[in-house]
Amino acid sequence: MGTHVMSVLGLTATEEEIYRHFLRHPDTSPGDIHLLLRSDRHTTAQALARLRDLRLLQGDDQRAWATEPDTAVARLAEERLENLHREMRNLTSTRPILEALRQERAPQEAWGGPAPGIERLEDLRHVRSRIDDLSFFAHSEVMAAEPYTALSPENISYARPLDLRCLRRGVRIRNLVRRVALSDRDTVAYLRELTSHGARIRVADDFSELILIYDRSTAMVPVDPKDTSRGALCARESGLVENIITLFERLWDAAEDFSDLVDPADRPAAELTGAQREALHRMCTVNKDESGARTMGVSLRTYRRHIADVMQLLGAENRAQAALMARERGWV
């Protein structure tokens, strides 16, 4: 057998070899295919059954032929992308697991820890590690107020994979920066990169509060706002977190949009029209085009044209890929 190139589409080596055989020899009997493949009858029978389930093999036990490669590859790719997206959703839905494990911990009073709901991190390596963990497991929103004057190349190199991973997974990012930071070219370039991936950036004239908030349930602030090298407090107590969120929102509401300041004459147009966005939502939530068109109140032809326009805008080859790319951009 040649190279097993269809493994990326979810086919086993035996399934691919059988599919290739019927491409070369259509209208032949599958009864003795195990002899040609020098494989045991049971393994071959299982492979034949799965190929029929996938609609890659047509016919019956007397005569069979392979589905055309264009159709077969598109069908396998769509199913594979859907399975991968389902696995991604499962992997990112870890909060119930975390909550169950946290309930197993002994009360902090039993081992003389800090006040319940508040953790003091004095080692900067531990602070960075905790930020890494909170960013990795964030599933809805990250809010940050960072009063730096500029980001060093090292800062950017550290923050980029954390921020872009969140944005790819559909996590909202709101970032507040000081106006003085806009005078640094590397900082502005990085903030432009974040906004191009969906982050919201605002600029304030001056503020001193360093705030990080994850999923509106965990907040990090410096132990000493005047000396961040002394470490950080990680708070999960709901009342304290709500107060920190209120402070962030007050700063956010008083700030200006980053794009208005750096691109005042070149604001990006909306990437989707209202009809395209609704059609995309219907495509991801209903099974049949007829149902999507009916709920939108448009003809089937118009509905499909909207879907085709969205796929072209995304550069997607099929609907499953379009749905995945749209989720990564935060469109659905």
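Reader: Is cysteine 234 buried or exposed?

Author: Happy to start there, and do keep in mind that this is a predicted model. The relative accessible area of cysteine 234 is 0%. Buried means under 20%, so cysteine 234 counts as buried.

Reader: And cysteine 166, is that buried or exposed?

Author: Its relative accessibility comes to 2%. The cut-off for buried is under 20%. Cysteine 166 is therefore buried.

Reader: How many disulfides does the structure hold?

Author: A disulfide is a covalent bond between the sulfur atoms of two cysteines. To count as one here, two cysteine sulfur atoms must lie within 2.5 Å. The number of disulfides in the structure is 0.

Reader: Which helix gives the largest share of the largest nonpolar core?

Author: That core has 32 residues, and Val142, Leu194, Ile201, Met220 and Phe258 have the most contacts inside it. A second, separate core has 19 residues, including Leu11 and Ile33. The largest share of the 32-residue core is 5 residues, and these come from helix H7.

Reader: Which cysteine does valine 142 touch?

Author: Leaving out residues up to four places away in sequence, valine 142 touches Val171, Ile173, Ile213 and Tyr214, among others. Two arginines, Arg172 and Arg174, are also among its contacts. The cysteine that valine 142 touches is Cys166.

Reader: At roughly what angle do the axes of helix H11 and helix H14 cross?

Author: Leu280, Met283 and Cys284 in H11 meet residues of H14, among them Ala322 and Ala326. By class, this contact has 6 nonpolar, no polar and 2 charged residues. The crossing is left-handed. The axes come within 10 Å, and they cross at roughly 115°.

Conventions. Residues numbered from 1 in each chain as written. Predicted model: local features only at pLDDT ≥ 70, side-chain atom pairs only at ≥ 80, totals over all residues. Heavy atoms only, no water. Core = buried A, V, L, I, M, F, W, Y, C linked by side-chain atoms within 4.5 Å. Buried < 20%, exposed > 50% of the residue type's maximum accessible area, 1.4 Å probe, protein only. Helix = DSSP H or I, 4+ residues; strand = E, 2+ residues; numbered from the N terminus. Contact = heavy atoms within 4.5 Å. Axes fitted to C-alpha atoms, helices over the stretch in contact; angles between N-to-C directions. Left-handed = near helix turned anticlockwise from the far one by under 90°. Nonpolar A, V, L, I, M, F, W, Y, C, P; charged D, E, K, R; others polar.
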